[in-house]
Number of protein chains: 2
Amino acid sequence: MTSDPLRPLVDTLKTLAHPVRLRILALLHAGELCVCEVAEVLGLAPSTVSEHLTGLRRTGLVREWKVGRWVHVALSDEAAVRPLLEALWPLMAGAEAELSRDRAQALALRCDPCDPTACPPARTPKEPA
Amino acid sequence: MTSDPLRPLVDTLKTLAHPVRLRILALLHAGELCVCEVAEVLGLAPSTVSEHLTGLRRTGLVREWKVGRWVHVALSDEAAVRPLLEALWPLMAGAEAELSRDRAQALALRCDPCDPTACPPARTPKEPA
DNA sequence: ACGATGTTTCGGGAAATAGCGAAATGACCT
DNA sequence: AGGTCATTTCGCTATTTCCCGAAACATCGT
């Protein structure tokens, strides 16, 4: 009956309209991460990050999959949201300083940024080569 | 100090993330209106519409100006928001039915859609030609 | 000056949102 | 099985958003 046809768009916009979630998207724009890394970089409780990611997944903006004990997150590549994401980056230009700081910190966390399956970086006992 | 650089973008997205405000923008996409017409079409209290418009104006999405007793509203033409607005229309495609119903109702209200200064249409004692 | 009309501001109540810590879940490892 | 770690769910509080009606402004017409 009252099946508001604007609902999906509003949901997506609402999801975008939060600084933490924008930072997450910008972070993922540089490559996938696992939840704990995102939490570490943003300085937020894991439960908080988990909830933000739930919203981003609900609206199809990101996708997640399990890798062992961890959950990896990456930007969605669905045709429905891609254009929206692409339109987003230029709008974030004004926050480059903060965002590149985030990216740098994420990079520092990863032991091997080239291997997507290598996950919890600083906190794992690493095996020397 | 904590001058969140994402703030302006978040504000704009928050403003977009509401069905009523999206309907207002879509309505204005077809031409300027005065506040009372918007209220009439949307079936909301004038005070409610006024508050929505305040938000849209605050984020630069629309501009307003007084015409006699009425306040006219139109989409902004600022370079800062134009691309965002243009990106918006295709995303609203799914709600065409509702939106064109709105447009039709707005058109019906206006006595002379060609004259932007002719305002409160149905409710004014009109002078016959 | 007065009344009528369009608009905005203000106060308040209902609902949604954001954050956290604690507890529950799932997966690894020994 | 038991322990550890990543993640999610839950319960809670604080804050914000939404909508309205009443009252305040503003502007026109008489």
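This passage walks through the helices, the sheets and the pairing of the two chains in a predicted model.

The relation between the two chains is a helpful place to begin. In general, two copies of a chain are related by a rotation about an axis and a shift along it. Here, a turn of 180 degrees with a shift of 0.0 Å along the axis lays chain A on chain B, with an RMSD of 0.0 Å. The two copies are thus related as by a two-fold rotation axis. Both copies also use the same surface, as 100% of the contact residues of chain A recur in chain B.

The sheet of chain B comes next. Strands of a sheet pair through backbone hydrogen bonds, either parallel or antiparallel. In chain B, three strands make an open sheet with antiparallel pairing, and their order is S1-S3-S2. Strand S1 (33–34) and strand S2 (62–67) of chain B each have a single partner strand and stand at the edges, so one side of each has no neighbour in the sheet. S2(B) and strand S3 (residues 70–75) of chain B run antiparallel and are joined by six bridges. Within this pairing, Arg63(B) has Ala74(B) of S3(B) as its bridge partner. Helix H2(B) packs on the sheet, where it touches S1, S2 and S3 of chain B, and its direction makes about 85 degrees with that of S3(B).

Chain A can be followed strand by strand too. Strand S1 (residues 33–34) of chain A runs antiparallel to strand S3 (residues 70–75) of chain A, with two bridges between them. Strand S2 (residues 62–67) of chain A is likewise antiparallel to S3(A), and six bridges join this pair. A good residue to find in the structure is His72(A) in S3(A): it is the bridge partner of Cys34(A) and also that of Trp65(A). The hairpin of S2(A) and S3(A) has two residues between the strands, and Gly68(A) takes a positive phi near 60 degrees there.

Finally, the helices of chain B deserve a look. Two packed helices are described by the angle between their axes and the distance between the axes. The axes of helix H2 (residues 19–29) and helix H4 (residues 46–58) of chain B come within 10 Å and cross at roughly 70 degrees. An angle of 65 to 115 degrees counts as roughly perpendicular, which makes H2(B) roughly perpendicular to H4(B). On the H2(B) side, Val20(B), Arg21(B) and Ile24(B) make the contact, while H4(B) contributes His52(B), Gly55(B) and Leu56(B). Sorted by class, this contact has three nonpolar, two polar and one charged residues.

Notes
Residues are numbered from 1 along each chain as its sequence is written. Chains are lettered from A and ligands numbered from 1 in the order in which they are written. This is a predicted model: local features need pLDDT of at least 70, side-chain atom pairs count only at pLDDT 80 or more; totals for chains, interfaces and linings use all residues. Axes are lines fitted to C-alpha atoms, for helices over the stretch in contact, and angles run from 0 to 180 degrees between N-to-C directions. Helices (H or I, at least four residues) and strands (E, at least two) are DSSP runs, numbered from the N terminus. Angles under 35 degrees count as roughly parallel, over 145 as roughly antiparallel, 65 to 115 as roughly perpendicular and the rest as oblique. Two residues are in contact if their C-beta atoms, placed from the backbone, lie within 7 Å. Ala, Val, Leu, Ile, Met, Phe, Trp, Tyr, Cys and Pro count as nonpolar, Asp, Glu, Lys and Arg as charged, and the others, Gly among them, as polar. Two strands pair if DSSP finds at least two bridges between them. Copies are superposed by least squares on the C-alpha atoms of residues with pLDDT of at least 70 in both.
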